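Me: I am new to this structure and should be grateful for a close look at one part, the place where the two chains meet. Please set out what lies there and what surrounds it.

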Amino acid sequence: MAVIRWYDRPESTPRAGQAMERLQREVNRIFSDFSGRGGSLRAAVFPPINVSEDEENLYIRAELPGIQAADMEVSVEGDALMVRGERKLDKTGEGVNYHRREREGGSFRRIVALPVRIDPEGVSAVCRNGVLSIVLPKAREALPKQITVKSD
Amino acid sequence: MTEKEMQAREKVEHKAEGESTRDLPLFIPAVDIYESDDALTLVADMPGVPAENVTIDVRDNQLTIRGSIDLPDTKERLLAQEYEIGDYYRQFALGRTIDQARIEAAIKDGVLTLTLPKADINKPRKITVKTG
């Protein structure tokens with residue numbers, strides 16, 4: 001059996017390549033239509049988080065509506081952040097009929113691997129309007145250092 | 001009793017065009033609606049919405065709740081995004097049992113609670129059966 005290099009195959013002409021790309025894009029679009037706005041990582045674990053950064057800090061946010069600060073716990077160990085807690089739904093009185101029930105309560109626990117080294121002493125967390133925002137200052141070693149180029 | 005673990009849920013977006021005037025997605029907030037003798041209570045999850053950004057509109061027996069978030073003004077670079085942020089909007093048909101003038105609303109920790117008192121004539125009354 002002759003072994004043909006991938007890029008020598010007749011299908012790998014530019015036109016065929018484009019056709020393949022178009023097909024790939026169509027397939028991707030179908031999948032993203034099913035999962036809502038495509039491209040976002042869907043978390044299987046609660047809570048879903050958004051992670052962003054700037055020069056000095058790493059920011060991690062999660063939506064935790066109706067959870068009091070006292071019912072959640074944020075901790076940092078090594079290069080991982082853990083968020084855990086419990087969402088208690090308001091107690092309704094006796095003799096109450098539910099017409100609709102879409103919200104849920106329960107416990108949650110999530111561990112997030114941090115992409116950069118952070119300074120555990122400087123981590124702060126605030127929960128406002130049901131959004132938990134955690135600020136993790138980057139460790140000094142992780143900050144970019146400017147190196148001056150000397151001309152001789 | 002084992003504690004129930006919460007599941008991550010994807011936010012449900014309004015599909016209709018032209019409902020959002022901001023350049024943000026518009027989500028349908030999860031709600032619980034329950035009824036007691038005196039009132040109907042509606043509880044909606046709208047994380048990120050402060051009290052001043054909630055609008056409640058009652059007209060023609062239709063209740064509309066709307067919550068908008070304050071967009072952060074940052075130069076942060078996004079590394080991972082598992083949930084989208086956006087505004088919230090949902091409409092409900094109100095039965096004639098509600099005393100619209102006495103509707104109360106409060107929002108705390110991103111949870112909006114609406115109390116819709118029933119008009120007095122609709123409260124269940126016990127009728128004592130006299131023997132005679």
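Reply: Where the chains meet, 35 residues of chain B are in contact with 44 residues of chain A, two residues being in contact if their C-beta atoms, placed from the backbone, lie within 7 Å. On the side of chain B that touches chain A, the elements giving two or more residues are β3 (31-35), β4 (39-45) and β7 (77-81) of chain B. Helices (H or I, at least four residues) and strands (E, at least two) are DSSP runs, numbered from the N terminus. By class, that side of chain B has 16 nonpolar, five polar and 14 charged residues. Here Ala, Val, Leu, Ile, Met, Phe, Trp, Tyr, Cys and Pro count as nonpolar, Asp, Glu, Lys and Arg as charged, and the others, Gly among them, as polar.

This is a predicted model, in which local features need pLDDT of at least 70, side-chain atom pairs count only at pLDDT 80 or more, and totals for chains, interfaces and linings use all residues. Residues are numbered from 1 along each chain as its sequence is written, while chains are lettered from A and ligands numbered from 1 in the order in which they are written. The predictor gives the complex an ipTM of 0.82 and a pTM of 0.75. For chain B the mean pLDDT, the predictor's confidence in each residue from 0 to 100, is 86, and 92% of its residues reach 70 or more.

β7(B) also pairs with strand β1 (residues 49-53) of chain A, in the antiparallel sense and over four bridges; two strands pair if DSSP finds at least two bridges between them. Within β7(B), Ala80(B) stands opposite Val51(A).

β4(B) leads on to the largest nonpolar core, to which it gives the largest share, five residues. This core has 19 residues, and those with the most contacts inside it are Leu42(B), Ala44(B) and Leu112(B). A nonpolar core is a set of buried Ala, Val, Leu, Ile, Met, Phe, Trp, Tyr and Cys residues joined through C-beta atoms within 7 Å. A residue is buried if 20 or more other C-beta atoms lie within 10 Å of its own, exposed if 12 or fewer, and partly exposed in between, with C-beta atoms placed from the backbone. Leaving aside neighbours within four places in sequence, Leu112(B) is in contact with residues including Ala44(B), Val54(B) and Ile65(B). Apart from this core lies another, of 15 residues, among them Ile49(A) and Leu132(A).

Chain A itself has one helix and eight strands.
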